[in-house]
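Colleague: Got a minute to go through this model with me? I have a few quick questions.

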Amino acid sequence: LIVAPVSTLEAIASVGNIQCHGDSATVTISAVGGNPPYTGLGSYVVGAGMHTFLVGDANLCTDTILVVVDEPATLLANVTSSVIACAGGYT
């Protein structure tokens with residue numbers, strides 16, 4: 001008896017946000033279709049950039065998903081200064 005999967009294996013990614021420049025985010029990989037059980041599922045902590053994840057099923061079918069994790073730009077501060085003209089003064 002040969003049983004074909006009802007649908008094609010598909011990897012799915014849920015991507016968290018990076019809050020501050022240089023931090024990391026959590027990417028959760030799941031799958032649908034194919035023939036369970038699956039491999040490659042789980043939550044992964046990654047930095048900004050492109051990441052590739054591979055999931056597989058019991059029939060050794062695979063699907064690859066490319067995830068792009070963005071981060072906020074580097075925070076820049078503008079600081080100005082001035083000279084205090086008199087003792088005890090402020091600016």
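Colleague: Which backbone nitrogen does the side chain of Asp 57 reach at 3.0 Å?

Modeller: That of Asn 59. Bear in mind that this is a predicted model.

Colleague: Noted. Which residue has its backbone nitrogen 2.9 Å from a polar atom of the Asp 57 side chain?

Modeller: Asn 35. The Asp 57 side chain also reaches the backbone nitrogen of Asn 59.

Colleague: Where is Asp 57 placed?

Modeller: In the loop between β4 and β5. Strand β4 covers 49–56, and β5 covers 62–69.

Colleague: Buried or exposed, that Asp 57?

Modeller: Buried. Its relative accessibility is 6%, and the cut-off for buried is under 20%.

Colleague: What does Asp 57 touch, not counting residues up to four places away in sequence?

Modeller: Leu 9, Gly 34, Asn 35, Pro 37 and Tyr 38. Asn 35 is also the residue whose backbone nitrogen lies 2.9 Å from the Asp 57 side chain.

Colleague: Switching to the whole chain. How many helices and strands?

Modeller: Zero helices, five strands. Along the sequence the pattern reads β-β-β-β-β.

Colleague: And what share of the residues is buried?

Modeller: 20% of the 91 residues. The chain exposes about 6700 Å², with carbon and sulfur atoms supplying 58% of that.

Colleague: How many residues are in the largest nonpolar core?

Modeller: It has 13. Val 27, Ile 29, Phe 53, Val 55 and Val 69 have the most contacts inside it. At least two residues come from each of β2 (25–32), β4 and β5. The largest share is from β2, with four residues.

Colleague: Take Val 27. What is it in contact with, leaving aside neighbours within four places in sequence?

Modeller: Ten names would be a mouthful, so here are some. Among them are Ala 13, Val 15, Tyr 44, Val 46 and Val 67. Phe 53 and Val 69 are also in contact with Val 27, and both are listed with the most contacts inside the core.

Colleague: Which residues form a nonpolar patch on the surface?

Modeller: Met 50, Leu 66 and Val 68. Together they have about 330 Å² of accessible area.

Colleague: Leu 66 caught my eye. Why does it count as exposed?

Modeller: Because its relative accessible area is 53%, and exposed means over 50%. Leu 66 lies in strand β5, one of the strands that supply at least two residues of the core.

Colleague: What is the usual tendency for nonpolar side chains?

Modeller: In soluble globular proteins, they tend to be buried together. Here, Leu 66 is exposed.

How values were computed: Residues are numbered from 1 along each chain as its sequence is written. This is a predicted model: local features need pLDDT of at least 70, side-chain atom pairs count only at pLDDT 80 or more; totals for chains, interfaces and linings use all residues. Side-chain values use heavy atoms; hydrogens and water are left out. Buried means under 20% relative accessible area, exposed over 50%, partly exposed in between (1.4 Å probe, protein chains only). A polar contact is a pair of N or O atoms within 3.5 Å; within protein, one must be able to donate a hydrogen and the other to accept it, and residues adjacent in sequence count only if both atoms are side-chain atoms. Contact means heavy atoms within 4.5 Å. Patches are made of residues with over 30% relative accessible area and no salt bridge: like charges are joined within 9 Å, nonpolar side chains (Val, Leu, Ile, Met, Phe, Trp, Tyr) within 5 Å. Accessible areas come from the Shrake-Rupley method with a 1.4 Å probe; for residues, only the protein chains shown count as cover. A salt bridge is a side-chain nitrogen of Lys or Arg within 4 Å of a carboxyl oxygen of Asp or Glu. A nonpolar core is a set of buried Ala, Val, Leu, Ile, Met, Phe, Trp, Tyr and Cys residues joined through side-chain atoms within 4.5 Å.
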